[in-house]
Amino acid sequence: MACVKDADQAALRILYDRHAAGLTAFVGQTLGDRVEAADIVHETFISAWEGAASFRENLSLRAWLYTIGRNKAIDRLRKSNREVLRDPDPTIPDLDPDPEQAALVGEDKSRVRECVEKLSATHRNVVSLAFFEGLPYREIAEIEGVNEGTVKSRIFHAKKLLMHCLSQ
């Protein structure tokens with residue numbers, strides 16, 4: 001990040017390569033639209049470039065980027081003032097070579113995605129960040145703008161809701 005602060009475009013490219021895919025998935029969960037999510041990610045990196053001097057070294061770089069992306073996604077939703085419809089992402093590849101097993105895994109993935117989509121936005125965001133992005137609770141708390149205890153509580157309740165949904 002120090003190189004980005006010094007206007008090093010190659011450093012920004014490295015930063016983009018490391019974080020764009022995860023950020024796109026996260027923003028896509030919020031927006032329900034991967035094309036718009038990609039736009040938000042580009043805007044996020046432009047903001048990171050322009051605001052690099054405001055980055056505080058004591059914060060997680062990933063959390064800082066995800067917070068920018070989350071805020072931009074929320075702003076986009078507010079501006080569009082529309083209902084967001086979320087369909088399962090059919091672009092997730094199934095790498096299992098056994099067709100029967102692949103079919104079972106695909107059904108499981110689809111069922112999990114379906115249940116995750118039924119969660120409230122706050123529960124869906126923490127589940128996405130914790131389980132799909134692998135972020136620690138501390139970083140999730142920074143991104144969501146809440147304390148770590150709240151993140152733990154949201155994940156606890158989200159797990160209960162998911163277990164109930166998956167058991168039906």
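Which residues form a nonpolar patch on the surface, and about how much accessible area do they have together? The patch is made by V112, F131, F132 and L166, with about 350 Å² of accessible area together. Please keep in mind that this is a predicted model. The chain has 8 helices and 0 strands, and the points below walk through its fold, its surface patch, a pocket, its salt bridges and some contacts between distant parts of the sequence.

**Overall fold**

- Reading from the N terminus, the elements run α-α-α-α-α-α-α-α, in keeping with a count of 8 helices and 0 strands.
- The chain has 168 residues, and 36% of them count as buried.

**The nonpolar surface patch**

- One member of the patch, L166, belongs to helix α8, which covers residues 148-167.
- L166 has a relative accessible area of 36%, so this leucine is partly exposed.
- The other members of the patch are V112, F131 and F132.
- Of these, F131 and F132 fall within the span of α6 (121-132), a helix that comes up again with the pocket described next.

**The second largest pocket**

- This pocket has a volume of about 150 Å³.
- Its lining has 10 residues, and T30, I74, L77, A121 and N125 are the ones that lie nearest the pocket centre.
- Two helices, α4 (61-80) and α6 (121-132), each supply at least two residues of the lining.
- Helix α6 gives the most to the lining of this pocket, with 4 residues.
- By character, the lining residues divide into 3 nonpolar, 3 polar and 4 charged.

**Salt bridges**

- A search of the whole structure finds 10 salt bridges; three pairs and one network are picked out here.
- As general background, side chains of opposite charge can pair when their charged atoms come close.
- Within helix α2, R13 pairs with D17 in a salt bridge whose closest N and O atoms are 3.4 Å apart.
- R13 and D17 are 4 residues apart in helix α2 (residues 9-31), which means that about one helical turn separates them.
- A bridge between helices joins the side chains of R76 and E43, at 2.7 Å from N to O.
- Because R76 lies in helix α4 and E43 in helix α3 (residues 34-50), this pair ties together parts that are 33 residues apart in sequence.
- E43 is partly exposed, at a relative accessible area of 31%.
- R62 and E139 also meet through their side chains in a salt bridge, with an N to O distance of 3.1 Å.
- Here R62 sits in helix α4 and E139 in helix α7 (residues 137-144), so the pair ties together parts that are 77 residues apart in sequence.
- How accessible are the two partners, R62 and E139? R62 counts as partly exposed, at 26% relative accessibility, whereas E139 is buried, with a relative accessible area of 7%.
- The R62 and E139 residues also belong to a network of salt bridges that links R62, R138, E139 and E142.

**Buried residues and contacts across the sequence**

- L12 is found in helix α2 and is buried, with a relative accessible area of 18%; the cut-off for buried is under 20%.
- The C-alpha atoms of L12 and W49 are 7.3 Å apart, while the two residues are 37 residues apart along the chain.
- V127 lies in helix α6, the helix that gives the most to the lining of the second largest pocket.
- V127 is buried, with a relative accessible area of 2%.
- Between V127 and K159, which are 32 residues apart along the chain, the C-alpha separation is 8.3 Å.
- Y66 is found in helix α4 and is buried, with a relative accessible area of 3%.
- Which residue is 9.0 Å from Y66 in space, C-alpha to C-alpha, while being 47 residues apart in sequence? That residue is H19.

Key
Residues are numbered from 1 along each chain as its sequence is written. This is a predicted model: local features need pLDDT of at least 70, side-chain atom pairs count only at pLDDT 80 or more; totals for chains, interfaces and linings use all residues. Side-chain values use heavy atoms; hydrogens and water are left out. Patches are made of residues with over 30% relative accessible area and no salt bridge: like charges are joined within 9 Å, nonpolar side chains (Val, Leu, Ile, Met, Phe, Trp, Tyr) within 5 Å. Accessible areas come from the Shrake-Rupley method with a 1.4 Å probe; for residues, only the protein chains shown count as cover. A salt bridge is a side-chain nitrogen of Lys or Arg within 4 Å of a carboxyl oxygen of Asp or Glu. Buried means under 20% relative accessible area, exposed over 50%, partly exposed in between (1.4 Å probe, protein chains only). On a 1 Å grid over the protein atoms alone, a cavity is a set of points where a 1.4 Å probe fits but cannot get out, and a pocket is an open set with protein on both sides within 12 Å along at least five of seven lines; lining residues have an atom within 4 Å of a point. Grid points are joined across faces, edges and corners, and a volume is the space filled by probe spheres set on the points. Ala, Val, Leu, Ile, Met, Phe, Trp, Tyr, Cys and Pro count as nonpolar, Asp, Glu, Lys and Arg as charged, and the others, Gly among them, as polar.
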